[in-house]
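Student: I would like a close look at a single part of this structure. Please start with the aromatic rings, and then connect that part to the rest.

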Amino acid sequence: AIVIKSGGSIQSAIEKAAQEAKQPLKRELDLMAAQTKLNIQTAEVFKWATERIPVPELEMMVVVASLQHQGMAVNTASVLERIQDSIRARMAFREQISAITAEGRLASKVVGAMPFLVIGFIRKAAPQFVDPLFTTAWGMALLGVSVLAIFGGMAWINNMINVEG
């Protein structure tokens, strides 16, 4: 947005962004810059980028570049600023979700580890109480069902806290 506000082209804005970006985005921006240098329409460059990078804001840039190519006046700097704000808001939202779901992730680990720790402690303290779990057919069957239930519970908790689906 700054490059365009100062009178630069979309091509120079892409090149500037490629200089400042980190991998893997840098590689994509370098490719986009190279394509624009080959006089490929900017709309096509952004369209190809949307196929490789599933970011909704790139689709907005396809529309902006198409409108500009058709000769319509579009405030590209304003659109880019809105795209930047949108990306920043999405990143902040993801960080908030990560903080909110941290307790659930920890609970999943505790729920998964606690039964094994308790059985290990009882096996050391009073092995006669848990020996039937490891020496009889019914005990091993119950132990197997319990282990499956523990991992099922962990998967259920992780599924509940997985916001992205």
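Tutor: A search of the whole structure, which is a predicted model, finds one aromatic pair. Its members are Phe 116 and Phe 151, whose ring centres are 6.4 Å apart. Their planes meet at 40°, which lies between the cut-offs of 30 and 60 degrees, so the pair is neither stacked nor edge-to-face but tilted. Phe 116 belongs to helix H6 (residues 76-125) and Phe 151 to helix H8 (residues 137-161), so the pair ties together parts that are 35 residues apart in sequence. Neither ring belongs to a buried residue: Phe 116 has a relative accessibility of 39% and counts as partly exposed, and Phe 151, at 45%, is also partly exposed.

Another ring has a charged neighbour. Arg 123 lies over the face of Phe 134, at 4.1 Å from the ring centre.

Helix H6, which carries Phe 116, also packs against H5, at an angle of about 175° and with the two axes 10 Å apart. An angle over 145 degrees counts as roughly antiparallel, and therefore H5 and H6 are roughly antiparallel to each other. On the H5 side the contact is made by Pro 56, Glu 57, Met 60, Met 61, Val 64 and Gln 68. On the H6 side it is made by Thr 76, Val 79, Leu 80, Ile 83, Ser 86, Ile 87 and Arg 90.

Take Gln 68 from that list. It lies in helix H5, which covers residues 56-69. With a relative accessibility of 31%, Gln 68 counts as partly exposed. Leaving out residues up to four places away in sequence, Gln 68 touches Ile 10, Val 74 and Thr 76. The C-alpha atoms of Gln 68 and Ala 43 are separated by 8.8 Å, although the two residues are 25 apart along the chain.

Ala 43 leads to a second helix pair, since residues 42-52 form helix H4. Helix H3 (residues 25-37) packs with H4 at an angle of about 155°, with their axes 10 Å apart. That angle makes H3 roughly antiparallel to H4, and their crossing is right-handed. From H3, the residues Glu 28, Leu 31, Met 32, Gln 35 and Thr 36 meet Val 45, Phe 46, Trp 48, Ala 49 and Arg 52 of H4.

Two of the H3 residues can be followed further. Gln 35 counts as buried because its relative accessibility is 11%, under the cut-off of 20%. Beyond its neighbours within four places in sequence, Gln 35 is in contact with Ile 40, Val 45, Trp 48 and Arg 52. Thr 36 is buried too, with a relative accessible area of 7%. Under that same sequence limit, Thr 36 is in contact with Gln 11, Ile 14 and Val 45.

The loops on either side of H3 each hold a backbone detail. Pro 24 is in the loop between helix H2 (10-20) and H3, and the peptide bond from Gln 23 to Pro 24 is cis, with omega near 0°. Asn 39 is in the loop between H3 and H4. Asn 39 has a positive phi of about 65° although it is not a glycine. At 72% relative accessibility, Asn 39 counts as exposed, whereas Thr 36 in H3 is buried.

Definitions and conventions: Residues are numbered from 1 along each chain as its sequence is written. This is a predicted model: local features need pLDDT of at least 70, side-chain atom pairs count only at pLDDT 80 or more; totals for chains, interfaces and linings use all residues. Side-chain values use heavy atoms; hydrogens and water are left out. Helices (H or I, at least four residues) and strands (E, at least two) are DSSP runs, numbered from the N terminus. Buried means under 20% relative accessible area, exposed over 50%, partly exposed in between (1.4 Å probe, protein chains only). Contact means heavy atoms within 4.5 Å. Rings of Phe, Tyr and Trp (its six-membered ring) pair if their centres lie within 6.5 Å; planes under 30 degrees apart count as stacked, over 60 as edge-to-face and the rest as tilted. A charge sits over a ring if NZ of Lys or CZ of Arg is within 6 Å of the ring centre and within 35 degrees of the ring normal. Axes are lines fitted to C-alpha atoms, for helices over the stretch in contact, and angles run from 0 to 180 degrees between N-to-C directions. Angles under 35 degrees count as roughly parallel, over 145 as roughly antiparallel, 65 to 115 as roughly perpendicular and the rest as oblique. A crossing is left-handed if the near helix is turned anticlockwise from the far one by less than a right angle, and right-handed if clockwise.
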